[in-house]
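Hi everyone, thanks for coming. I'd like to walk you through one protein today, so have a look at it while I talk.

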Amino acid sequence: YQRRVHGVKVRLQTGAARHAGACIREIAKREGFRGFYHGLPAPLYGSMLENAVMFGAYGFFKKALEDTGVVSGTGLYLCAGAGSGVVVSFVLTPVELVKVRMQMMGTTGAKQYKNARECFLELWRCGGVRGMLQGQSGTLGREVLQSAVQYGAYETVCDKLTPEGMSHEDLSPQRCAIAAALSGMLCWAVPYPFDSLKSRMQAYPPPCPGIRKVAQELWRTEGIRGFYAGVSITVLRAAPATAVLFVAFEAVKRGWTWAEQRVF
């Protein structure tokens with residue numbers, strides 16, 4: 001489900017398509033069912049690494065900030081989330097570069113690859129480490145904002161949903177899912193322009209122009225709407241995806257006590 005939506009989002013962001021409905025019909029007509037899953041291996045393996053790094057980095061920064069006592073409450077969650085965003089951006093940029101290139105196949109003039117491995121090796125051969133970090137500035141901007149908003153909103157909503165005299169650890173999976181769904185929608189809506197710029201930058205053949213030049217060109221040709229192409233389907237996708245992610249994380253963190261208590 002996420003991959004189908006993401007493929008449509010990338011084509012809308014890069015200008016390869018104008019409307020979600022027309023884009024879906026065009027992919028189905030020209031590329032069939034497989035067209036929605038171009039680039040699947042890269043994000044599939046990358047998402048495991050991404051989430052491990054993201055949750056691990058968030059826990060590290062949260063504990064470090066708690067020990068210093070500099071910030072607390074929502075400020076603590078925002079700062080720790082922003083820190084995790086910086087770290088995870090360096091994991092995501094190469095993964096999403098391969099994914100964008102694979103998902104652009106089928107569009108006019110796009111280079112064709114047999115699979116994600118061939119795409120990765122070609123990008124590495126042509127640009128090395130620097131080439132694999134094409135679009136890093138866009139990813140960094142998106143991830144810092146996204147992680148700050150995601151964790152800030154999730155933890156704050158969880159605090160509000162926690163009954164008096166109880167702790168966050170006592171929340172039911174249903175309440176965690178509600179908090180996660182709200183945070184997921186918000187954390188994609190807020191930094192979405194950076195994601196659009198990142199997709200544009202990664203679709204460029206090397207050498208890629210800087211983020212400022214890409215932003216100026218997008219504003220000149222499409223205005224504010226260009227920065228939000230595909231935002232509706234992305235935000236709708238984010239609600240169930242983030243709910244599942246955080247409920248799974250909470251279940252693992254709590255040692256599957258929910259399953260033992262039969263709360264599902």
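**How two helices meet**

Let's start in the middle of things: helices H6 and H7 cross each other in a right-handed way. Before I go on, please keep in mind that what you're looking at is a predicted model.

So where are these two? H6 covers residues 136–161, and H7 covers residues 173–189. Their axes sit 8 Å apart, and the angle between them is about 150°. Because of that angle, H6 counts as roughly antiparallel to H7; the cut-off for that word is anything over 145 degrees.

Now, which residues in H6 meet H7? On the H6 side you'll find Arg142, Gln146, Val149, Gln150, Ala153, Tyr154, Val157, Cys158 and Leu161. Facing them from H7 are Arg175, Cys176, Ala179, Ala180, Leu182, Ser183, Leu186, Cys187 and Trp188. If you sort the residues of this contact by type, you get 13 nonpolar, three polar and two charged.

Let's stay in H6 for a moment, since Thr139 is found there too. Is Thr139 buried or exposed? It's buried: its relative accessible area is 0%, and buried means under 20%. And what is Thr139 in contact with, once we leave aside its neighbours within four places in sequence? The list is Ser89, Leu92, Thr93, Lys198 and Gln202.

For contrast, let's hop over to Arg225. You'll find Arg225 in helix H10, which runs over residues 224–227. Arg225 has a relative accessible area of 71%, so it counts as exposed. Arg225 and Pro193 are 32 residues apart in sequence, and from C-alpha to C-alpha the distance in space is 9.7 Å.

Okay, let's zoom out to the whole protein. How many helices and how many strands are there? Twelve helices and zero strands. So if you read the elements from the N terminus on, you just say α again and again: α-α-α-α-α-α-α-α-α-α-α-α.

The chain has 264 residues, and 48% of them are buried, Thr139 being one of these. Here's another number for your notebooks. Take the contacts between residues at least 6 apart in sequence: 73% of those join residues at least 24 apart.

And the outside? The protein exposes about 13400 Å², and 63% of that comes from carbon and sulfur atoms.

That's my tour, from one pair of helices out to the surface. Thanks for listening!

Definitions and conventions:
Residues numbered from 1 in each chain as written. Predicted model: local features only at pLDDT ≥ 70, side-chain atom pairs only at ≥ 80, totals over all residues. Heavy atoms only, no water. Axes fitted to C-alpha atoms, helices over the stretch in contact; angles between N-to-C directions. Helix = DSSP H or I, 4+ residues; strand = E, 2+ residues; numbered from the N terminus. Parallel < 35°, antiparallel > 145°, perpendicular 65-115°, else oblique. Left-handed = near helix turned anticlockwise from the far one by under 90°. Contact = heavy atoms within 4.5 Å. Nonpolar A, V, L, I, M, F, W, Y, C, P; charged D, E, K, R; others polar. Buried < 20%, exposed > 50% of the residue type's maximum accessible area, 1.4 Å probe, protein only. Areas by Shrake-Rupley, 256 points an atom, 1.4 Å probe, with all protein chains shown as cover.
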